[in-house]
Amino acid sequence: MKVLITGASGVLGKAVYNAFSSAGHAQVTGLSFSQSLANLTQLDLQDPKAVGQFFETWKGSQGDWVIHCAAERRPDVAEKLNAEVPGHLAQLSKTYGFTLVYISTDYVFDGTSPPYFPDSKTNPLQLYGRTKLAGEQAVLGVEGAHAIVLRVPVLYGPAPKPSDSAINILLDVVRDQSGKTYQMDHFATRYPTNVLDIGKFLVCLAEGSVHGQVPPIIHFSAPEPFTKYEICLIYAALLGVEHKHIIADSTDPSTKGATNRPRDCKLDTRATEVLLDGIEGGVLGCVGFEEWWSEELKR
C-alpha cells in the first residue's frame with residue numbers, strides 16, 4: 001500500500017507522515033508547498049496541471065491512500081485550498097481508485113447544540129468553517145470517488161515553534177512574565193486533540209484495523225473540554241509560573257465585533273469507537289492533555 005500525505009510539513013501532516021513511516025510503510029510520500037525538506041516533495045496543490053502530472057507519476061491505485069492535511073485560514077486562498085483542491089483530489093480518486101481522506105473541522109457546526117453527530121446539520125459561522133464545509137461537499141459530491149471526511153477539533157502536539165498551533169501558542173502567553181496583560185477567551189469550549197493520536201488512528205483506518213464498513217464522515221476528538229483560559233492555567237501550573245497577567249474573558253466574541261466563533265462544537269465519537277472496537281489506550285486512544293504536556297515540557 002502506498003500512502004501520500006499533503007501538507008506534510010505542518011503539525012498534523014508531519015505527525016501523520018511519521019505515523020505511517022513508523023508503522024513500516026515503505027512507500028510513504030509527503031507533499032509540501034511552503035517548505036522544501038529533504039524527505040518531502042514540493043508541489044503546489046493549487047496548480048491543477050502540476051497536480052495532475054504528479055498523480056500520473058505517483059500511480060496511486062485501489063488500496064492506496066491519500067490523506068489531505070493541507071489547509072488554509074487566510075481568506076485570499078482559503079476557498080481554493082480548502083474547497084477546490086479537495087474536489088480535484090476527489091476527481092483523481094475516481095480516476096485512479098485510491099482512497100482520499102479529507103481532514104475537516106468541528107467548525108462546520110455553529111456550536112449551539114452539542115454534541116454533533118456525523119449527520120448533524122452543519123452551519124458554519126465563519127470563513128474557515130464555510131470553506132472546509134465546501135471541501136466536504138466537493139469530495140463527497142464526486143460520484144465514484146473513494147472519499148472519507150475526517151472531522152477533528154483544534155489540534156496540538158509536537159511543533160517546531162509554539163505559533164504553529166492555536167493551542168501550543170498559548171505557551172508563549174503564559175511564559176511572558178514581562179508585565180503585559182492578556183484577555184483570554186473563557187467563553188468557548190474546545191476539545192484539544194493531539195496530532196499523534198490522529199496519526200495512529202489513520203494508520204488503523206488504512207490498515208483495516210477497524211470493525212465494520214467505514215462511513216463517509218467520521219469524527220475524531222479527545223474528550224476533555226477546556227477554554228483557552230483553562231489551558232493557560234494548566235500551562236502555568238506545569239511551568240511553575242504566575243498567571244495573574246492572564247485575565248479570563250467570558251464575553252461572547254460576537255458582541256464585541258470580533259470574529260464569530262462557535263461556543264461548543266463537541267464532536268460525538270461513538271460511531272468511531274464502534275469502528276475501532278475498543279482500541280487500546282482509552283477513548284479512541286487519546287492521551288490526556290495535561291499528561292502529554294507534563295512530559296513534553298520536560299524535554
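Which residue of β2 is the bridge partner of Ile-5? To answer this in the viewer, note that the model is a predicted one, and select strand β1, residues 3-6, together with β2. The partner of Ile-5 in β2 is Gly-30. The two strands, β1 and β2, pair in the parallel sense, with three bridges between them.

Next, add helix α1, residues 11-22, to the selection. The chain passes from β1 through α1 to β2, and this β-α-β crossover is right-handed.

Now restrict the selection to β2, residues 28-32. Val-28, Gly-30 and Ser-32 point one way from the strand, whereas Thr-29 and Leu-31 point the other way. Five of the five residues of β2 are buried, so the strand is largely enclosed by the rest of the structure.

Extend the view to strand β3, residues 40-42. β2 and β3 run parallel and are joined by three bridges. One position to display here is Ser-32, whose bridge partner in β3 is Gln-42.

The final stop is Asp-106, which lies in the loop between β5 (99-105) and α4 (127-140). Is the residue buried or exposed at 9% relative accessibility? Buried means under 20% relative accessible area, so Asp-106, at 9%, counts as buried. Display its side chain with that of Thr-105: a polar contact of 3.2 Å joins the two. Then select Val-152, Pro-153, Cys-265 and Leu-267, which Asp-106 touches when residues up to four places away in sequence are not counted.

Technical notes: Residues are numbered from 1 along each chain as its sequence is written. This is a predicted model: local features need pLDDT of at least 70, side-chain atom pairs count only at pLDDT 80 or more; totals for chains, interfaces and linings use all residues. Side-chain values use heavy atoms; hydrogens and water are left out. Buried means under 20% relative accessible area, exposed over 50%, partly exposed in between (1.4 Å probe, protein chains only). Helices (H or I, at least four residues) and strands (E, at least two) are DSSP runs, numbered from the N terminus. Two strands pair if DSSP finds at least two bridges between them. A crossover is right-handed if, with the strands pointing away from the viewer, the path from the first strand over the helix to the second runs clockwise. A polar contact is a pair of N or O atoms within 3.5 Å; within protein, one must be able to donate a hydrogen and the other to accept it, and residues adjacent in sequence count only if both atoms are side-chain atoms. Contact means heavy atoms within 4.5 Å.
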